[in-house]
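Subject: Structure for you to look at

Hi,

Here is the structure I promised to pass on. Please open it next to this message; my notes follow below.

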Amino acid sequence: MTKIAPSILSADFGRLGSEVEKLEKSGADWVHVDVMDGVFVPNITIGPGVVKSIRRFSKLPFDVHLMIVEPEKFVDAFADAGSDIITIHLEATKDVRGTLKKIRSRGKRAGLSINPETPFSSIVPYVGDLDLLLIMTVNPGFGGQEFKTECLAKIREARRYASDNGTVFDIEVDGGINSITGELCVTAGANVLAAGNALFGSGDMRSEIAKWKSF
Ligand code: DX5
Ligand code: ZN
């Protein structure tokens with residue numbers, strides 16, 4: 001079944017604890033946490049201290065998406081804060097393999113993300129070191145952007161690679177996901193949908209998630 005990871009970037013930051021708390025009751029599978037540094041992306045969000053303080057509001061896995069340069073410097077801090085999955089960007093570090101290995105050495109699942117303009121072929125050298133591939137379907141930095149349809153081909157390519165090579169990793173998509181684009185991504189081979197605006201802005205997150213899970 002498709003996993004749904006609401007992005008708390010679209011939550012009310014003034015009451016983040018209760019926003020996170022309601023996700024489990026809404027049927028979400030993971031809590032998607034967007035970490036931005038104002039350097040890798042032109043926006044700043046939250047750091048490990050906030051992750052640590054919202055951790056107690058949910059038992060769901062925390063899917064922490066690091067949009068920061070030199071993520072290797074912060075693996076320990078986000079692991080200590082209670083992350084379950086730590087995803088780094090291929091474009092953000094000179095030591096992709098070392099950082100993925102460091103995440104796994106902390107007993108966490110290692111994710112690797114690529115921006116829309118980065119080809120699938122660039123992650124192939126790292127398939128043995130990752131548990132999750134996060135395919136960005138917008139340029140990272142902000143919620144509420146329009147889904148880039150051209151990314152569907154990359155999702156298909158990733159799914160084909162995984163089945164041809166008998167490799168198992170999650171294929172997550174992030175950016176502009178709604179009930180229409182989400183279904184397109186699942187049909188193309190994604191098994192995890194991260195979404196902010198379409199879920200937090202839906203008014204009825206529970207029924208929206210139920211619908212998405214059946215894609
Ligand atoms: C974008 C973030 C996304 C964002 C998605 O840089 O990585 O997780 O919150 O927001 P929506 O679903 O509104 O595009
Ligand atoms: Zn994200």
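Start with two aspartates. Asp-34 is buried, and Asp-174 is buried too. Please keep in mind that this is a predicted model.

Which parts of the chain does this pair link? Asp-34 and Asp-174 both coordinate the zinc ion (ligand 2), through OD. They connect distant parts of the chain: Asp-34 lies in strand S2 (residues 31-36), and Asp-174 lies in strand S7 (residues 170-174), 140 residues apart.

**The zinc site**

Two histidines complete the list of coordinating residues: His-32 through NE2 and His-65 through ND1. The coordination distances run from 2.0 to 2.3 Å. In sequence, the spacing of the donor residues is H-x1-D-x30-H-x108-D. The site has 6 donor atoms, with angles of 69 to 167° among them, and its geometry is octahedral.

**The sheet**

Next, the strands. There are 8 of them in an open sheet, and the pairing is parallel. The order is S1-S8-S7-S6-S5-S4-S3-S2. Strand S1 (3-6) and S2 stand at the edges with a single partner strand each, so one side of each has no neighbour in the sheet. From one strand to the next, the twist averages 25°.

**Strand S2**

Is S2, at the edge of the sheet, enclosed or open? 6 of its 6 residues are buried, so S2 is largely enclosed by the rest of the structure. Both of its faces are covered. Val-31, Val-33 and Val-35 are buried on one side. His-32, Asp-34 and Met-36 are buried on the other. Two residues of that second group, His-32 and Asp-34, are also zinc ligands.

S2 is joined to S3 by 6 bridges, and the two run parallel. Met-36 stands opposite Met-67 in S3. Between these strands the chain passes through helix H2 (residues 48-54), and this β-α-β crossover is right-handed.

**From S3 to S6**

Strand S3 (residues 62-67) also runs parallel to strand S4 (residues 85-89), with 3 bridges between them. There, Val-64 has Ile-86 in S4 as its bridge partner.

Helix H4 (residues 96-105) packs on the sheet and touches S4 and strand S5 (109-114). The direction of H4 makes about 150° with that of S5. S4, H4 and S5 together form a right-handed β-α-β unit.

S4 and S5 pair in the parallel sense over 5 bridges. Thr-87 has Gly-111 in S5 as its bridge partner. How many residues of S5 are buried? The count is 5 of the 6, so S5 is largely enclosed by the rest of the structure.

On to the next pair. S5 and strand S6 (residues 132-136) are parallel as well, with 4 bridges. Ile-114 has Ile-135 in S6 as its bridge partner.

**One residue to check**

Look at Glu-70. This residue has a positive phi of about 50°, although it is not a glycine. Where does Glu-70 sit? Its place is in the loop between S3 and helix H3 (75-80). Is it buried or exposed? Glu-70 has 35% relative accessibility, which lies between the cut-offs of 20% and 50%, so it counts as partly exposed.

Best wishes

Definitions and conventions: Residues numbered from 1 in each chain as written. Chains lettered and ligands numbered in written order. Predicted model: local features only at pLDDT ≥ 70, side-chain atom pairs only at ≥ 80, totals over all residues. Heavy atoms only, no water. Donors = N, O, S within 2.8 Å, 3.2 Å for Na, K, Ca; no water. Tetrahedral: all angles 85-135°; square planar, octahedral: opposite > 155°, others 65-115°. Buried < 20%, exposed > 50% of the residue type's maximum accessible area, 1.4 Å probe, protein only. Pairing = 2+ DSSP bridges. Axes fitted to C-alpha atoms, helices over the stretch in contact; angles between N-to-C directions. Contact = heavy atoms within 4.5 Å. Right-handed = clockwise from strand over helix to strand, strands pointing away.
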